[in-house]
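I set out to look up the unusual backbone geometry in this model and to write down where each case sits. My entries follow the order in which I checked them.

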Amino acid sequence: MSCINPYIQYMYSYPHKTAYRPLKGISLGDYAHVLSGRGHGLYLHIPFCQAKCGYCNLFSVWGMGLETISLYLDAVECQSRQYAEILSPFHTEFSEISIGGGTPLLLAETQLARMFQILENYFLCSKDRTLAIETAPNQTVREKLKILKQSGVSRISMGIQSFSDKELGTLGRQHCAGRAEEALELLKLFDFPCVNVDFIYGIPGQTVESLLASLKKALSYEPDELFLYPLYLKHGAWLQRELPDSAVILRQYQEASAFLKGEGFRQDSMRRFVRSPSGLEKEETRSFSECGFGTSLALGCGGRSYLGNLHFCTPYAITGKDCRSQLEQFMNTKDFSPITHGILLSEEEQKRRYVIRSLLIRPGLNLGRYQEIFGTSAMVDFVLLGDWTNQGYAQIVPSKDTAYLTLTETGLGLSDWLGAQLISPQVLEKMKEWEKVHDRKVHTRKDAAIPGQSKKL
């Protein structure tokens, strides 16, 4: 491990948005049939934040007034109306709705209610649909939680990151530890079916002891899920601090993972920990759920859609200037049906996506299912997988009707490093090309990502 730095980039989807390029001659109508019938996802991106956190490389804008937010919702409603007309012949029914950002609860109460009404007015959802939304401590207030409860939110996720005010200051977070505790108390009162909390490790100055102290405090509020993220600083994040040595970060991960599993949490991936139902063994394993070919339609500016071999979104942007420019273009759009930026995946790229998406979350890659879909063996298509079994990063686990390639405990902790090795040379070249162009832009701009900067459209 001494020569390995496992903390280079997140591997949670594939290909990365920086590999997307302009598209011509494609419209949503060409791919609407992919969304026929039931079982699809609907994602709404709310890009507004109180400020830009030091590590953030997501599409977000800050310092915007309520008038701008209302204009954004106008554009989302226009987009929703057009999408609904296109999808109408295919009787599309969504089973999962997710609202992310940004900070969706930054919206005023009337705007929050309108947001939910737009989704209800234009899209058909299953009776047992799930509805997830993200929040932050400062925006988690009683009046807005009432709206969430009335709208049927089934999962709420709050980014806390740490219960150390010093560490929160390093990250550029706008809340203090005390406010996070108040927000968790409120969430408990409203009794949402699933409450998730996010934490970060690898923060400059953080220790194993301070990390475990934050996790112990979090567990006192009995969250249903907890996500642990290593701190990455890429793509224009304004936090300019030297991160701890990778060995230090790995030890923090190992100690935190062991602690959470000892407290009855099931580890589904490098990041996700789920509280095991009462009475079940701690070794309980997540049941297999296919995640390589899920279909999802995104609304708003910055969200990403997955329609078969077509992935698309607005151009990837992080800096203040670029995000504001994309937001302005979105709000001035009259026809949302053309798909102008994305990527068309070849069969090889679809194979890579399937392996990455499956292997990095337990129980792992279903080898029989891969053979059924592609007509070939994953172990033959990707010789690297066999190397990982020899190196102790993965193992083949027989099951009743198939076998799984599952990451070992060591491999699970190195998920981002392993997953990155499966990126194709073509996609990697596009990502590097984007970064070169982006780095030149950042070096010539003073507003790359200044926390709390206020510029209204």
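These notes go through peptide bonds and then phi angles.

Entry on the background. I began by noting that the model is predicted, and I reminded myself that most peptide bonds are trans and that most residues other than glycine have a negative phi.

Entry on the N-terminal proline. I looked up the bond between Tyr14 and Pro15 and found that it is a cis peptide bond, with omega at about -5 degrees. When I placed Pro15 along the chain, I found it in the segment before β1 (21-22).

Entry on the other proline. I then turned to Arg362 and Pro363, which are also joined by a cis peptide bond, here with omega at about 15 degrees. I located Pro363 in the loop between α10 (347-359) and β16 (365-366).

Entry on His91. I asked myself what the phi of His91 is, and I read a value near 50 degrees, which is positive although the residue is not glycine. I traced His91 to the loop between α2 (66-87) and β5 (94-101). Is His91 buried or exposed? I noted a relative accessible area of 61% for His91, and His91 counts as exposed because that value is over 50%.

Entry on Asp191. I found another positive phi at Asp191, near 55 degrees, again in a residue other than glycine. I placed Asp191 in the loop between α6 (177-190) and β8 (194-201). The relative accessible area of Asp191 is 58%, so I wrote Asp191 down as exposed, the cut-off being over 50%.

Conventions. Residues are numbered from 1 along each chain as its sequence is written. This is a predicted model: local features need pLDDT of at least 70, side-chain atom pairs count only at pLDDT 80 or more; totals for chains, interfaces and linings use all residues. Side-chain values use heavy atoms; hydrogens and water are left out. Helices (H or I, at least four residues) and strands (E, at least two) are DSSP runs, numbered from the N terminus. Buried means under 20% relative accessible area, exposed over 50%, partly exposed in between (1.4 Å probe, protein chains only).
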